[in-house]
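Here is a short, friendly briefing on the fold in front of you. Have the viewer open as you read, and follow the sheet and the helices in turn.

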Amino acid sequence: MTAVRAAGRADLPTILELIVEHAEYERAPAPGPGLAQRLDALLFGPAARLHCLLAEQADEVIGYATCSPEISTWDGWEYLHMDCLYLRPQARGHGIGQLLMDAVLHRARTLGMVQVQWQTPTWNEGAIRFYRRLGATAADKIRFTQAL
């Protein structure tokens, strides 16, 4: 049986493992040094604003989703931005992604949000099909980043 639960501080090493796997899967650079300390503050510190949900099966974490509140200037409301949703390969295709998405949507409702937004790489056709099956709609945009 699969359960989805909020991450606790003791889960941080597992979360870091999942992040490394997720970055590798998305063909992105590996996370840099100091990530554990930054995530600890964002997830569990006094000003925590990042939520992490873990999918667990037989006491093994097999996936995660992270999300945080953001603001839409155009709409004038807060929404929940899902930054990551990742399942280990053996967990894919068994409805576990749906469980994580349901938990993210529930978290958004609990926080009084009216919408969840996220993105996925254009080459990730499996994820795109999954999100479309959920009834989500896509917007064509290019994401930019500027280092400081």
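Helices and strands here are DSSP runs, with at least four residues for a helix and at least two for a strand, numbered from the N terminus. The model is a predicted one. On that basis, residues 2–148 are 33% helix and 27% strand, and the C-alpha atoms at the two ends of this stretch lie 41 Å apart. The UniProt record, an unreviewed entry, annotates residues 2–148 as "domain: N-acetyltransferase".

**The sheet**
- An open sheet is built from 5 strands in the order E1-E2-E3-E4-E5, with mixed pairing.
- Strand E1 (2–6) and strand E5 (116–118) are the edge strands, each pairing on one side only.
- On average, neighbouring strands of this sheet are turned by 30 degrees against each other, direction ignored.
- E1 runs antiparallel to strand E2 (residues 51–57), and 5 bridges join the two.
- To find this pairing in the viewer, look for Val4, which stands opposite Ala55 in E2.

**The helix across the sheet**
- Helix H3 (residues 96–110) lies across E1, E2, strand E3 (60–72), strand E4 (77–87) and E5.
- Relative to E4, H3 runs at about 160 degrees.

**The buried side of H2**
- Helix H2 (residues 35–44) has Leu35, Leu39 and Leu43 buried.
- These leucines cover an arc of only 50 degrees around the axis, which puts them on the same side of H2.
- An α-helix has 3.6 residues a turn, so residues three or four places apart point the same way.
- What do the buried residues of H2 pack against? Their partners are helix H1 (12–25) and E2.

Notes: Residues are numbered from 1 along each chain as its sequence is written. This is a predicted model: local features need pLDDT of at least 70, side-chain atom pairs count only at pLDDT 80 or more; totals for chains, interfaces and linings use all residues. Side-chain values use heavy atoms; hydrogens and water are left out. UniProt positions are given in the numbering used here, feature names are shortened, and annotations may be inferred rather than shown by experiment. Two strands pair if DSSP finds at least two bridges between them. Axes are lines fitted to C-alpha atoms, for helices over the stretch in contact, and angles run from 0 to 180 degrees between N-to-C directions. Contact means heavy atoms within 4.5 Å. Buried means under 20% relative accessible area, exposed over 50%, partly exposed in between (1.4 Å probe, protein chains only). The arc is that of the directions from the helix axis to the C-beta atoms.
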